[in-house]
Amino acid sequence: MESEGVTPAYMQLAHWRFTLKLAEERNNNELKEKLLAGIKQGNMAPYYKEVCADLGWDFDQGLFDKMAAFNVEHLAKIEKEHENSVVEEEDQVSGVWQAKLDYLCSIGDRPAATELATAKLQEKSVPKSHRIEAVFTLFRVAFFHGCDIKAMGAAIEKATELIEGISGGDWSARNKLKAYEGVWSLAIRDFSRAAHLFVDVVPTFESYELADFGTIIRYTVLACMIALDRYQLRKKLMNHGVMAQALHSHYQDLREYFVSLYEGRYADFLICLARIEQEMKRDPLTHPHYRHYVQEMRLRAYKQILQAYRSLSLAYMARSFGVTSEFIEREVARFAAAGRLQCKIDSVAGTVVTSSHINDDALSGKEAPEASLDRGILYQTTVKRGDILLNRLKKLARVMDF
């Protein structure tokens with residue numbers, strides 16, 4: 001972590017811009033000032049125009065003209081510097097367009113950056129390694145400008161095609177692809193794929209142009225918590241070299257989020273989950289999924305506490321989660337009605353009875369709670385399907401002449 005790379009400062013502006021679009025943050029003057037200061041510092045004329053239109057800011061034509069003039073001057077300077085540099089002609093040409101592309105990205109000029117990257121991607125004379133970098137740039141452009149899922153997906157598809165076509169493979173490119181695809185998987189709510197990709201990439205992460213290491217650690221924990229079982233969670237998060245070190249030394253809030261659920265400290269877990277919810281809500285990548293994520297994580301906690309008991313009082317569950325009995329009853333009833341929790345509520349006794357034990361000794365208590373619950377669900381599903389099959393066979397027998 002001491003050798004961590006540097007993520008371009010302008011990448012943070014996309015998060016601030018998105019946050020200011022939220023109803024509760026529209027009048028956050030401090031955040032407005034930070035966003036405007038970042039735009040001015042990078043002379044981001046195209047991005048300034050885009051932000052003003054998006055957030056309804058008053059457009060300062062003088063400021064825009066000043067920054068636009070600087071952009072034109074800097075692009076000309078890039079051309080001149082490479083003309084005067086003593087390098088091979090091929091490297092000089094590639095150096096010019098790559099430097100231009102990086103600068104267009106840094107000022108938020110999406111149309112020009114997309115056009116240049118696409119042109120170089122389609123140009124067969126450009127070395128494949130440079131074409132791969134152009135594809136990754138297209139992904140970052142789409143990621144920076146509102147998390148354009150369609151464009152991000154197209155970039156991942158093209159990058160995979162190019163990298164798989166390299167004879168012998170390119171370890172660095174493949175490693176980068178894992179990070180980019182992990183972000184893409186998170187964007188499309190494929191938490192399982194994202195979890196496995198992020199766990200693989202964390203020890204060798206080098207895609208700092210996409211996101212800083214802390215952001216990748218956070219995405220890894222979010223994906224793993226919802227996608228992996230308890231055994232895998234402990235193995236991947238707490239016993240996994242770099243990941244364990246990062247959580248212990250720098251990201252203790254994320255560690256508490258995992259440990260509180262693992263140790264059954266449900267009241268602490270809900271507090272951590274509330275913080276996670278606010279963070280996800282302000283992140284353009286995770287915002288579309290924060291409600292689903294929070295609901296699924298609460299469900300996971302309810303399943304975990306119920307799996308250890310034949311029945312459990314609503315009052316005990318409420319104390320464990322630090323909420324009211326009424327809240328727990330509503331939550332459990334809602335999930336049970338939707339078939340997400342295999343249990344029923346005895347309102348008279350004020351208890352929750354797990355379905356695996358409703359028929360009492362139909363399943364042996366010798367099995368682990370998780371296994372017995374899974375067996376109970378499987379048994380019920382098999383019986384239902386068997387009834388359907390028998391009914392269909394009876395109907396078929398009526399019309400068939402044996």
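**A surface patch, a one-sided helix and a buried threonine**

Leu389, Leu390, Leu393, Leu396, Val399 and Met400 together make up a nonpolar surface patch with about 590 Å² of accessible area. Such patches join nonpolar side chains (Val, Leu, Ile, Met, Phe, Trp, Tyr) within 5 Å, from residues with over 30% relative accessible area and no salt bridge, that is, no side-chain nitrogen of Lys or Arg within 4 Å of a carboxyl oxygen of Asp or Glu; areas follow the Shrake-Rupley method with a 1.4 Å probe. The model is predicted, with local features needing pLDDT of at least 70 and side-chain atom pairs pLDDT 80 or more, while totals for chains, interfaces and linings use all residues. Numbering runs from 1 along each chain, and side-chain values use heavy atoms, without hydrogens and water.

Within the patch, Leu393 belongs to helix H19 (residues 369-399), helices being DSSP runs of H or I with at least four residues. Leu393 has a relative accessible area of 45% and is thus partly exposed (buried is under 20%, exposed over 50%, partly exposed in between).

Turning to helix H13 (residues 241-249), its buried residues are Met243, Ala244, Ala246 and Leu247. These cover an arc of only 165° around the axis, so they sit on the same side of H13; the arc is taken from the directions from the helix axis to the C-beta atoms. Their cover includes helices H11 (213-227), H12 (230-238) and H14 (252-262), with contact meaning heavy atoms within 4.5 Å.

Thr19, in helix H1 (residues 11-19), is buried because its relative accessibility is 8%. Leaving aside residues up to four places away in sequence, Thr19 touches Glu25, Leu31 and Arg282. A polar atom of the Thr19 side chain lies 3.4 Å from the backbone oxygen of Arg282.

Technical notes. Buried means under 20% relative accessible area, exposed over 50%, partly exposed in between (1.4 Å probe, protein chains only). Helices (H or I, at least four residues) and strands (E, at least two) are DSSP runs, numbered from the N terminus. A polar contact is a pair of N or O atoms within 3.5 Å; within protein, one must be able to donate a hydrogen and the other to accept it, and residues adjacent in sequence count only if both atoms are side-chain atoms. Patches are made of residues with over 30% relative accessible area and no salt bridge: like charges are joined within 9 Å, nonpolar side chains (Val, Leu, Ile, Met, Phe, Trp, Tyr) within 5 Å.
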